[in-house]
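This report looks at how the helices of one chain pack together and at the pockets that are left between and around them.

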Amino acid sequence: ILCALVWRALRRPVQGEVRPWTWSHALWAFAVAVLYSCTDEFHQGFVPTREGSLRDVGFDTAGAALGIWAVWGWGKFRKRW
């Protein structure tokens, strides 16, 4: 969800205007989501009842990829790009 929301924010949508898909927006959104995942796991390493895990970063990265793929698929389904 984070990746899809960042993608939407990067596109700066205007109501009634259809903007084409650009991979640069998708890659930036994906990078922001992965970076957030890394910093969240780093932060969890300092919380006494939690621990940071590279496995969780992998799950979050997979979720970000799934999110941006879903946005692309929805746009293709609705014939927006």
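A helix is here a DSSP run of H or I with at least four residues, numbered from the N terminus. On that basis helix H1 is followed by Arg-12, a residue whose phi is positive, near 50°. The model is a predicted one, and every value below was computed from it.

**The nonpolar core and helix H1**

The largest nonpolar core has 10 residues, namely Cys-3, Val-6, Trp-7, Trp-21, Ala-26, Ala-29, Ala-33, Ala-64, Ile-68 and Val-71. At least two residues of this core come from each of helix H1 (2-11), helix H2 (23-44) and helix H3 (54-77). One of the core residues, Ala-64, touches Cys-3, Phe-30 and Ala-33, when residues up to four places away in sequence are not counted.

Within H1, the buried residues are Cys-3, Val-6, Trp-7 and Arg-11. Seen down the axis of H1, these buried residues fall within an arc of 135°, so they line one face of the helix. An α-helix has 3.6 residues a turn, so residues three or four places apart point the same way. The buried residues of H1 pack against H2 and H3, whereas the face of H1 turned away from its buried side carries Leu-5 and Ala-9, which are exposed.

**Two pockets**

The two pockets can be set side by side, by volume and by the class of the residues that line them.

| Pocket | Volume | Nonpolar lining residues | Polar lining residues | Charged lining residues |
|---|---|---|---|---|
| Largest | about 390 Å³ | eight | three | six |
| Second largest | about 160 Å³ | six | two | two |

The largest pocket is lined by 17 residues, and of these the closest to its centre are Trp-7, Arg-8, Arg-11, Arg-80 and Trp-81. The elements that give two or more residues to this lining are H1 and H3, and H3 gives the most, with four residues. Two of the residues closest to the centre of this pocket, Trp-7 and Arg-11, are also among the buried residues of H1.

The second largest pocket is lined by Ile-1, Leu-2, Cys-3, Ala-33, Tyr-36, Ser-37, Asp-40, Asp-60, Gly-63 and Ala-64. Each of H1, H2 and H3 supplies at least two residues of this lining, and H2 gives the most, with four residues. Cys-3, Ala-33 and Ala-64 are among the residues lining this second pocket, and they also belong to the largest nonpolar core.

**Ser-37 and Cys-38 in helix H2**

Is Ser-37, a residue of helix H2, buried or exposed? With a relative accessible area of 2%, which is under the 20% limit, Ser-37 counts as buried. Its contacts, leaving aside residues up to four places away in sequence, are with Asp-56, Val-57 and Asp-60. Ser-37 and Asp-60 both appear in the lining of the second largest pocket.

Cys-38 is likewise found in helix H2. This residue has a relative accessibility of 38% and therefore counts as partly exposed, a class that lies between the limits of under 20% for buried and over 50% for exposed. The C-alpha atom of Cys-38 is separated by 9.0 Å from that of Gly-52, a residue 14 residues apart from Cys-38 along the chain.

Methods
Residues are numbered from 1 along each chain as its sequence is written. This is a predicted model: local features need pLDDT of at least 70, side-chain atom pairs count only at pLDDT 80 or more; totals for chains, interfaces and linings use all residues. Side-chain values use heavy atoms; hydrogens and water are left out. A nonpolar core is a set of buried Ala, Val, Leu, Ile, Met, Phe, Trp, Tyr and Cys residues joined through side-chain atoms within 4.5 Å. Buried means under 20% relative accessible area, exposed over 50%, partly exposed in between (1.4 Å probe, protein chains only). Contact means heavy atoms within 4.5 Å. On a 1 Å grid over the protein atoms alone, a cavity is a set of points where a 1.4 Å probe fits but cannot get out, and a pocket is an open set with protein on both sides within 12 Å along at least five of seven lines; lining residues have an atom within 4 Å of a point. Grid points are joined across faces, edges and corners, and a volume is the space filled by probe spheres set on the points. Ala, Val, Leu, Ile, Met, Phe, Trp, Tyr, Cys and Pro count as nonpolar, Asp, Glu, Lys and Arg as charged, and the others, Gly among them, as polar. The arc is that of the directions from the helix axis to the C-beta atoms.
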